[in-house]
Amino acid sequence: MLVLGIDSSTQSTKALVVDADNGAVVAEAKASHPEGTEVNPAAWWEAAQSAIAEAVERAPGRIEAVSVGGQQHGMVALDSSGEPVRDALLWNDTRSAPQADELIERHGAEQLASRTGLVPVASFTITKLAWLTQNEPHNADRVEQVLLPHDWLGWQLAGRPEQAWTDHGDASGTGYYSPATGEWIPELLAEAMGGRTPKLPKLLAPNAKAAEATLPGIEGATIGAGTGDNMAAALGLGLKPGDVVVSLGTSGAVFAPAEQPSADPSGIVAGFCDATGRYLPLVCTLNAARVLSSTAQMLETDLEGLSELALAAEPGAAGLSLLPYLEGERTPNLPDATGTLTGLSGANMTPQNLARAAVEGMLCGMADAIDAIRDTGAEVRRVLLIGGAARSEAVQAIAPGLFGVDVDIPDPAEYVALGAAKQAAWAHSGSAAPPEWEVAGTRKAVGADTSHEVVRTAYTLARKQVHGI
Ligand SMILES: Nc1ncnc2c1ncn2[C@@H]1O[C@H](COP(=O)(O)OP(=O)(O)O)[C@@H](O)[C@H]1O
Ligand SMILES: O=C(CO)[C@@H](O)[C@H](O)COP(=O)(O)O
């Protein structure tokens, strides 16, 4: 049986056709998304249709089921005819930082963490809706329904039926959902929107059959509930206790499976649900893969060249530290920050050291995130490194030392789309547990090198000096 998994993430849509018996990828395709932190959802739909058509064309048979994993938190606000009232505001759009602060002032971080699992930052949907209400009341007045990117795409695949749906994983990133009860908190949404009460999608179980596809090429296929991209990756990897994922896409996301919901009043760890009925404590930064591509561009090289330069420098980049807050930052919560390079001298200002500082700076943020996940009580037996920038040799070589733990590098694959495909197979089968598909990979052992301590200390010192935290 063939199933289709879609990953609609920040930079692109990926479509994988997968053999549901063993998880083997039999066809795949990709289409780009526009740049920017606000995007017309029509662009995702166009990319999805193009990637699906291409993947299905290469598939050796009929698609029986499909699911979508989507970038989390994006605000898709629809009017009474189902059209977006404006472009969607994405997870990495920081304009709603003041609204996040207002929510915390009104309710207190501790209360919000225990009610919603989250302490608001600009990424979360509720702050974007509060921003819309305060800054574009003419648009807020027209909002009849609020969806997330994956909800909207699933609804498109089903031909825009009366009732849209979502899953508990993606819902847990909105700020108006309770992981403890598994229900929406409509009063928080109404308060953020000045008393307006838009319709919310129906919450579906992880293995629910949501609808049937109407898109030509996959008509009649079962549509699964879908989920957020990180939850889909967790499902695709089949995480076990002791596993911690470091995902280096546009965002840097660090997460681990958990049996209980978490509530971190510091706001560092977001208490999300996963796509299996369990939980997924997660730390997210705004700056990961693009730190490397921007540095490569500055050094007039490509990603391979950047990796070679970084590996030609000594650990610690001869004293250079990069705080890579190129798009502002979410963890730590510094929405207006810019990047800083510290420790420059005439002697260390080389392309090799700059490249090394970029890789180390990005990974130091991830190492801090692993520590925060460990602080929730999660066991950290190994790290699984995925996402576009996990393909970098320098990242693979430097990560184990900085993380202080063995790093497994699953064979390069689109794990979000694979997880979506697994959910589709699960929904179609109607079984109690998702299918188990083997994930192959290689291990980079942590080794005896202790130079990482110096690197992390220098990074922490630079952050304290520049940002006071
Ligand atoms: N070999 C590589 N080294 C470093 N970065 C890479 C490499 N290959 C791809 N990338 C980066 O990965 C990113 C895309 O990763 P992906 O996980 O698909 O992101 P997203 O899910 O946010 O769209 C791009 O920024 C790209 O530059
Ligand atoms: O906001 C988060 C997680 O809370 C991000 O991880 C988004 O879900 C986007 O992910 P990528 O496009 O980087 O995969």
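**Exercise 1. The shell around ligand 1**

Task: Sort the shell around ligand 1 by class, and find which helix gives the most to this shell.

Solution.
Step 1. By class, the shell around ligand 1 holds four nonpolar, 10 polar and two charged residues. Here Ala, Val, Leu, Ile, Met, Phe, Trp, Tyr, Cys and Pro count as nonpolar, Asp, Glu, Lys and Arg as charged, and the others, Gly among them, as polar.
Step 2. In total, 16 residues surround ligand 1. A residue is near a molecule if its C-beta atom, placed from the backbone, lies within 6 Å of it. The closest are Ser9, Gln11, Gly249, Thr250 and Gly388.
Step 3. Helix α10 (residues 289-298) gives the most, with four residues. Helices (H or I, at least four residues) and strands (E, at least two) are DSSP runs, numbered from the N terminus.
Step 4. Domain 1 (2-229) and domain 2 (238-405 + 439-469) each supply at least three residues of this shell. The domain bounds come from an automatic or database domain assignment.

A note on the model: it is predicted, local features need pLDDT of at least 70, side-chain atom pairs count only at pLDDT 80 or more, and totals for chains, interfaces and linings use all residues. Residues are numbered from 1 along each chain as its sequence is written, while chains are lettered from A and ligands numbered from 1 in the order in which they are written.

**Exercise 2. The shell around ligand 2**

Task: Where does ligand 2 lie with respect to domain 1 and domain 2?

Solution.
Step 1. Count the shell: 17 residues surround ligand 2. The closest are Ser9, Thr10, Gln72, Gly249 and Ser251.
Step 2. Look at the elements. α9 and β19 (279-285) each supply at least two residues.
Step 3. Sort by class: four nonpolar, 12 polar and one charged.
Step 4. Both domains give residues to the shell around ligand 2, so it lies between them.

**Exercise 3. Two domains in contact**

Task: Describe the contact between domain 1 and domain 2.

Solution.
Step 1. The centres of the two domains, taken over C-alpha atoms, are 26 Å apart.
Step 2. Domain 1 puts 25 residues into the contact, and domain 2 puts in 24 residues. Two residues are in contact if their C-beta atoms, placed from the backbone, lie within 7 Å.
Step 3. On the side of domain 1 that touches domain 2, α3 (109-116) and α7 (168-171) are the elements that give two or more residues. α3 gives the most, with four residues.
Step 4. By class, this side of domain 1 has 10 nonpolar, 13 polar and two charged residues.

**Exercise 4. Aspartate 229**

Task: Is aspartate 229 buried or exposed?

Solution.
Step 1. Place the residue. Aspartate 229 is in helix α9 (residues 229-237).
Step 2. Check the record. UniProt lists Asp229 under "active site", in an unreviewed entry. Such annotations may be inferred rather than shown by experiment.
Step 3. Recall the cut-offs. A residue is buried if 20 or more other C-beta atoms lie within 10 Å of its own, exposed if 12 or fewer, and partly exposed in between; C-beta atoms are placed from the backbone.
Step 4. Aspartate 229 has 31 C-beta neighbours inside 10 Å, so it counts as buried.
Step 5. List contacts, leaving aside neighbours within four places in sequence. Aspartate 229 touches Asp7, Ser9, Gly69, Gly70, Gln71, Gln72 and Val416.

**Exercise 5. Positive phi**

Task: Compare the settings of histidine 73 and glutamate 300.

Solution.
Step 1. Histidine 73 is not a glycine, but its phi is positive, about 75 degrees. Glutamate 300, also a residue other than glycine, has a positive phi near 55 degrees.
Step 2. Histidine 73 sits in the loop between β5 (63-70) and β6 (76-78). Glutamate 300 sits in the loop between α10 and α11 (303-312).
Step 3. Histidine 73 is buried, because 27 other C-beta atoms lie within 10 Å. Glutamate 300 has 8 C-beta neighbours inside 10 Å, so it counts as exposed.

**Exercise 6. Helix α13 and a cis bond**

Task: How many residues of helix α13 (residues 393-403) are buried, and which residues does a cis peptide bond join?

Solution.
Step 1. In α13, eight of the 11 residues are buried. Among them are Val395, Ile398 and Leu402.
Step 2. Glycine 404 follows α13, and its phi is positive, near 70 degrees.
Step 3. The cis peptide bond joins threonine 331 and proline 332, with omega about 0 degrees. Proline 332 lies in the loop between β20 (321-323) and β21 (340-342).
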